[in-house]
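Student: I am new to this structure and would like a close look at a single part of it. Could you take one strand and explain, with care, how it sits among its surroundings?

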Amino acid sequence: MKRPVLVDSASALIDERIKELGDWRGKMLAKVRTIIRQADPAIVKEWKWRTPVWSHGGIVCTGETYRSVVNMTFAKGAKKAAARTVT
């Protein structure tokens, strides 16, 4: 099993991916990365499977780029939090 790339290296690899795309996909990936960091400042950036991966106590999501889409895959899907009413 391969070890994940170190955080500093992962950040550089994500920057490199954004730069090499050079079109709307790179801009979108950069925007998504900013949103993820704002949502969870303690999130860890990793580089696995030639793809950006964000983790916090396990994989949260990946950011794949394809010809016509930027795909965010969430490890636990669209998990809903149950709202409780206190009476």
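Tutor: Strand E2 is mostly covered, since five of its five residues are buried, where a strand is a DSSP run of E with at least two residues and a helix a run of H or I with at least four, both numbered from the N terminus, and buried means under 20% relative accessible area, exposed over 50% and partly exposed in between, with a 1.4 Å probe and protein chains only. This is a predicted model, in which local features need pLDDT of at least 70 and side-chain atom pairs count only at pLDDT 80 or more, while totals for chains, interfaces and linings use all residues. Residues are numbered from 1 along each chain as its sequence is written, and side-chain values use heavy atoms, with hydrogens and water left out.

Both faces of E2 are covered, with Thr-51, Val-53 and Ser-55 buried on one side and Pro-52 and Trp-54 buried on the other. Trp-54 also belongs to the largest nonpolar core, which has 10 residues in all, among them Trp-47 and Cys-61; such a core is a set of buried Ala, Val, Leu, Ile, Met, Phe, Trp, Tyr and Cys residues joined through side-chain atoms within 4.5 Å. Helix H1 (7-21) and helix H2 (24-39) each supply at least two residues of this core.

Within the sheet, which is open and antiparallel, the four strands follow the order E1-E2-E3-E4, and two strands pair if DSSP finds at least two bridges between them. Strand E1 (44-48) and strand E4 (70-74) stand at the edges with a single partner strand each, so one side of each is left without a neighbour in the sheet. E2 itself, residues 51-55, pairs with E3 over three bridges, and with E1 over five bridges.

On the E1 side, Trp-47 has Pro-52 as its bridge partner, and Glu-46 has Val-53; on the E3 side, Val-53 stands opposite Thr-62. E1 and E2 form a hairpin with two residues between them, and Trp-49 in that turn has a positive phi of about 55 degrees, whereas the hairpin of E2 and E3 has three residues between the strands, with Gly-57 in the turn at a positive phi of about 70 degrees.

Thr-51 of E2 is also one of the residues touched by Glu-64, not counting residues up to four places away in sequence, where contact means heavy atoms within 4.5 Å. Glu-64 lies in strand E3 (residues 59-65).
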